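Let's take a friendly look at how two chains meet. Please keep the structure open while reading.

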2 protein chains.
Amino acid sequence: MKAIVITEDSEPVQLADVPQPEVGDGECLVKIEVAALNRRDQWIREGMYPGIRFGCVLGSDACGVVEEGAEEWKGKEVIINPNVNWGDDPEVQSSEYSVLGMPKNGTLAEYISVPTDRLQLKPEHLNNEEAAALPLAGLTAFRATIKKGLAAPGKNVLITGAGGGVSQLAIQFAVAAGANTYVTSGDPDKIGKCIQMGAAGGFNYKDEDWFKEASVIGFDTIVDSAGGNQMNNYLKIVKPAGKIVMYGSTTGYPEKLDVFRLFWSQAQIIGSTMGSDLEFEEMIQFVNKYQIKPTIDKVYNVNETVKAFDRFKEADHFGKIVIGF
Amino acid sequence: MKAIVITEDSEPVQLADVPQPEVGDGECLVKIEVAALNRRDQWIREGMYPGIRFGCVLGSDACGVVEEGAEEWKGKEVIINPNVNWGDDPEVQSSEYSVLGMPKNGTLAEYISVPTDRLQLKPEHLNNEEAAALPLAGLTAFRATIKKGLAAPGKNVLITGAGGGVSQLAIQFAVAAGANTYVTSGDPDKIGKCIQMGAAGGFNYKDEDWFKEASVIGFDTIVDSAGGNQMNNYLKIVKPAGKIVMYGSTTGYPEKLDVFRLFWSQAQIIGSTMGSDLEFEEMIQFVNKYQIKPTIDKVYNVNETVKAFDRFKEADHFGKIVIGF
């Protein structure tokens with residue numbers, strides 16, 4: 001079958017012909033229709049991910065149809081929970097945890113075999129591209145924004161980096177939860193699009209003084225994956241006793257962190273990554289309840305996967321980059 | 001009356017003769033027997049505190065006897081809640097909040113007049129020095145260790161900087177709450193004393209590799225007021241989903257903060273300062289229940305106050321530095 005594997009070549013991402021996976025006990029074989037890229041795929045491409053196994057099929061997200069396995073799932077359109085061995089603690093993943101697509105073979109392939117308990121019915125209001133875009137980004141956004149960030153009516157919530165796949169869903173989740181939702185972006189067009197999606201406003205983080213305007217509003221919750229020196233701006237605009245939920249650090253680490261402001265304002269910096277299996281189910285219920293549709297940036301054919309990765313690398317996308325088979 | 005005031009002299013802390021305070025409506029006049037120093041007093045001395053009002057009587061802590069005011073309080077031995085205008089939100093102080101002793105006249109004086117609702121009966125098991133040592137440090141330690149840090153049986157709790165007035169109480173509170181309590185210090189003798197107080201062990205933070213041994217234990221909660229680059233060590237030794245409660249930043253700000261480790265371990269950095277009026281009452285109940293006695297480093301006479309401040313500045317103390325009148 002066709003699959004996107006990670007190699008030691010100068011271009012590590014390669015389309016290859018690999019054996020179709022064997023279907024283990026308690027597993028279902030899913031014929032993948034659409035997969036989606038995540039930042040971790042690009043990190044793996046750049047060699048910036050721990051424990052890279054060459055030859056591994058990449059990809060954490062997919063929508064497909066069950067071809068083999070449990071009778072009750074056969075022929076069903078499904079999406080796949082990307083958690084591998086989350087474990088028993090709802091608060092934190094176990095030490096055996098990994099994300100589908102490294103080191104376990106992932107979704108950028110014509111077929112994948114996964115334990116039956118990883119399957120969820122595809123939400124009916126989503127097309128294949130939207131459904132494939134949901135799992136990893138939805139889980140990350142749900143835990144960070146709703147479960148940790150407690151976005152709710154009357155709360156001011158800021159989602160930074162408006163174009164990302166996770167932040168797009170975080171914005172929709174916060175809006176659906178009734179929060180006054182604001183965004184940051186380096187691109188005024190993206191801010192405009194977010195306002196059309198229900199955001200109350202936005203700030204251009206390339207403007208050095210953006211935080212002054214934002215501080216007038218004051219945020220109960222800030223959801224961020226950039227990190228870096230903007231973290232001190234977040235401490236200036238978060239309300240007393242407010243929460244800064246961090247699910248990434250794409251711009252690196254802050255050179256200083258204003259600990260005085262942190263403790264004097266009784267603020268919290270909350271680390272969040274992925275989410276529990278229960279949160280995955282809750283996320284899908286939430287998406288169904290509010291008929292949320294992930295934003296699709298662009299659809300590529302599997303033969304154009306390197307182009308799709310390059311699009312991701314440019315970081316100019318707005319929503320999810322997906323791969324059709 | 002004698003009072004310790006902050007001046008613009010080369011030695012800002014001066015013993016002065018000032019008028020006895022007038023007793024306002026709803027206030028009680030307390031004849032102070034013993035007061036105590038806090039780090040903020042030294043900060044004010046160093047000009048490192050916002051909004052310094054010269055001529056202000058310093059001091060946030062005291063034990064004394066009510067001489068005038070509400071009949072039911074007259075003659076009672078009391079301690080004083082150092083919160084001024086905490087406000088209605090239990091999570092965070094109001095914008096009108098200040099700590100007794102700047103800008104409002106404080107406890108380093110023969111008399112102070114305070115609103116009656118600031119008074120609490122002196123815990124019976126404490127002598128005057130111990131009672132004077134309790135309020136600010138006890139409130140700070142209680143919120144950070146018990147309310148935010150959730151020290152409890154089965155939890156591993158690390159209190160850093162074992163010699164400080166707050167950390168001494170934090171250690172006692174964590175031990176009383178049943179937590180497996182560890183400490184850090186730069187002085188092995190102080191670690192030994194903490195083990196005598198019920199700590200399970202300690203680490204010398206001057207040893208560059210101290211965190212390696214500590215990481216074998218793994219901490220549910222770390223309570224710290226040092227900040228600085230040790231924060232990245234805390235992220236290495238905190239358990240997954242653990243809490244780092246920061247109530248100070250005496251060694252400055254971290255040069256980098258390992259945000260990756262923060263989010264991947266689902267850890268939290270929680271700012272905490274002082275505590276609500278309700279927490280002040282809960283803290284005193286807790287101190288009474290477990291018969292906790294603040295550690296006294298040294299008692300100075302009010303005439304030796306500059307010496308007492310110098311002792312504080314050297315940061316070699318173990319427990320509270322108190323001032324007798």
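## Polar contacts and salt bridges

A polar contact here is a pair of N or O atoms within 3.5 Å; within protein, one atom must be able to donate a hydrogen and the other to accept it, and residues adjacent in sequence count only if both atoms are side-chain atoms. By that rule, in this predicted model, 13 residue pairs are in polar contact across the interface of chain B and chain A, both residues being at pLDDT 80 or more. Salt bridges are another matter: the rule finds zero of them across this interface.

## Extent of the interface

Chain B brings 33 residues to the contact, and chain A brings 33 residues. Between them, the two chains bury about 3000 Å², with carbon and sulfur atoms giving 63% of that area. On the chain B side, the residues that lose the most area to chain A are Y253(B), F263(B) and Q266(B), which together account for 23% of what that side buries.

## What chain B contributes

Which elements give two or more residues to the side of chain B that touches chain A? They are β14 (238-246), α8 (259-264) and β15 (268-271) of chain B. Of these, α8(B) gives the most, with five residues. Sorted by type, the residues on this side of chain B comprise 19 nonpolar, nine polar and five charged.

## Strands paired across the chains

Now look at where the two chains join strand to strand. Strand β15 (residues 268-271) of chain A runs antiparallel to β15(B), and three bridges join them. One detail to find on the screen: I269(A) has I269(B) as its bridge partner in β15(B).

Technical notes. Residues are numbered from 1 along each chain as its sequence is written. Chains are lettered from A and ligands numbered from 1 in the order in which they are written. This is a predicted model: local features need pLDDT of at least 70, side-chain atom pairs count only at pLDDT 80 or more; totals for chains, interfaces and linings use all residues. Side-chain values use heavy atoms; hydrogens and water are left out. Contact means heavy atoms within 4.5 Å. Buried area is the accessible area (1.4 Å probe) that two parts lose on being put together, summed over both. A salt bridge is a side-chain nitrogen of Lys or Arg within 4 Å of a carboxyl oxygen of Asp or Glu. Helices (H or I, at least four residues) and strands (E, at least two) are DSSP runs, numbered from the N terminus. Ala, Val, Leu, Ile, Met, Phe, Trp, Tyr, Cys and Pro count as nonpolar, Asp, Glu, Lys and Arg as charged, and the others, Gly among them, as polar. Two strands pair if DSSP finds at least two bridges between them.
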